[in-house]
Amino acid sequence: MPPYPNMGWRQNDRSRINLDFKIEGTMKSGYLYVLVHPSDPNLYKIGQTTRHPEERLAEHNCNYQEYTGQIVKKTGQEWKLKTYIAVSDPSWAETVFWGATPFADIPFRQGIEVEKMEWKLVQAGLAAVEKADVRPPPKPLPDWVYAYTAWMKKRLEGRDITLVGHVTSRSGKATFRCSSGHKWRTRSACVAEGEGCPQCGIGNREPEEIWQAAKVGYLCLLIHPNKPGVIKIVLTYKKLEQWYEEKCWQDWHVHRHRFVEDPVLAERLIWELLGQPLPHDREPIKIDLSVAEQAFRDLIYLMHREIALAEKKNR
């Protein structure tokens with residue numbers, strides 16, 4: 001069956017060529033097709049396939065496990081192929097189609113691409129697909145995603161747990177797999193703090209053990225009540241509460257502090273921001289407090305950038 005004549009489209013040479021190649025060796029070309037059901041002229045099934053749409057039509061009419069097949073079984077009437085378009089990226093074409101309609105996009109339709117709509121709305125979706133052609137390249141991930149991913153990997157070392165994909169938020173969810181093959185999705189922070197596989201327990205650790213293994217710490221900006229205009233930068237691998245209890249800073253006061261994933265990197269960056277790159281004796285320095293405060297504000301951004309660069313190289 002050729003494309004529906006009322007669309008005013010034809011399978012030109014570009015469409016035929018698109019069916020004969022793959023983009024980047026992974027994407028298969030195919031079709032976006034539209035089925036209509038005789039029981040209701042406004043009931044359409046939108047689908048994408050790498051095979052000919054006639055093959056998918058036959059499957060929809062005989063597979064009663066699918067939603068389309070259930071309609072056939074209930075009404076005793078089979079779906080008809082209304083039209084189809086040759087596309088370079090079928091999955092992207094389907095996304096573009098639903099994006100041109102007021103209805104929810106894949107995957108939020110739960111695998112059911114059947115909808116009641118007017119034909120002009122179907123035409124609008126198909127027109128959008130014709131203009132869209134291939135999927136645009138994905139936007140690069142922000143540095144903080146790579147930094148959070150490195151944060152998680154550091155806490156998984158030696159635990160027989162692998163991170164699947166990226167970590168986009170410490171408080172959000174990520175996917176993990178243990179060495180026994182179990183896969184699960186949970187809050188990143190839970191696993192980072194010692195939670196192991198929910199099925200077999202692999203990777204369970206005490207938070208203190210993870211802290212020590214990850215070699216994380218705090219970078220602190222200290223001020224002295226009797227030394228205005230003088231600051232001190234201190235790095236500690238202890239937890240802040242413990243550091244406070246031990247009063248390691250003597251008469252100095254903690255004015256600012258930053259939790260740092262890579263204490264060595266953090267110390268190097270903060271001294272560069274203060275205009276006094278290491279190595280030196282790390283003694284108190286005379287500097288405007290506002291300059292030191294700004295350096296502490298800029299530190300996390302610079303750390304994320306440096307950690308992201310290293311993470312990208314390792315991928």
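Residues 24 or more positions apart make up 57% of the contacts in the protein chain with a separation of 6 or more, a contact being heavy atoms within 4.5 Å. This is a predicted model, in which local features need pLDDT of at least 70 and side-chain atom pairs count only at pLDDT 80 or more, while totals for chains, interfaces and linings use all residues. Numbering starts from 1 along each chain as its sequence is written, and side-chain values use heavy atoms, with hydrogens and water left out.

The protein chain has 315 residues, and 41% of them count as buried (under 20% relative accessible area with a 1.4 Å probe, protein chains only; exposed is over 50%, and partly exposed is in between). Its accessible surface is about 17700 Å², with 50% belonging to carbon and sulfur atoms; the areas come from the Shrake-Rupley method with a 1.4 Å probe. Eleven helices and eleven strands turn up along the chain. These are DSSP runs numbered from the N terminus, with at least four residues for a helix (H or I) and at least two for a strand (E).

One open sheet holds four strands in the order E3-E1-E2-E4, with antiparallel pairing; strands pair if DSSP finds at least two bridges between them. Strand E3 (80-87) and strand E4 (114-116) sit at the edges with a single partner strand each, so one side of each has no neighbour in the sheet. On average, and ignoring direction, neighbouring strands here are turned by 25 degrees against each other. Helix H4 (residues 90-99) packs on this sheet and touches strand E1 (30-37), E2, E3 and E4, its direction making about 145 degrees with that of E2. Such angles run from 0 to 180 degrees between N-to-C directions, and axes are lines fitted to C-alpha atoms, for helices over the stretch in contact. As for E2 (residues 40-49), three bridges join it to E4, the two running antiparallel, and Lys45 has Val114 in E4 as its bridge partner.

H4 also has a helix to pack against. The axes of H4 and helix H5 (residues 119-132) come within 8 Å and cross at roughly 135 degrees. The two are therefore oblique to each other (under 35 degrees is roughly parallel, over 145 roughly antiparallel, 65 to 115 roughly perpendicular, and the rest oblique). From H4, Trp92, Ala93, Val96 and Phe97 meet a set of H5 residues that includes Val122, Leu126 and Val129.

Between E6 (residues 173-178) and E7 (residues 183-187), five bridges join the antiparallel strands, with Ala174 partnered by Thr186 in E7. Their hairpin has four residues between the strands, and Gly181 takes a positive phi near 95 degrees there.

A further open sheet of four strands follows the order E10-E8-E9-E11, again with antiparallel pairing. Its edges are strand E10 (253-260) and strand E11 (285-286), each with a single partner strand, so one side of each is left without a neighbour in the sheet. Two bridges link E9 (residues 230-236) to E11, and Val230 stands opposite Lys286. Helix H11 (residues 289-314) lies across strand E8 (217-223), E9 and E10, and runs at about 10 degrees to E10.

Helix H10 (residues 263-273) has several buried residues, among them Leu265, Leu269, Ile270 and Trp271. Their cover includes E8, E9, E10, E11 and H11. Just after H10, Gly275 takes a positive phi of about 80 degrees.
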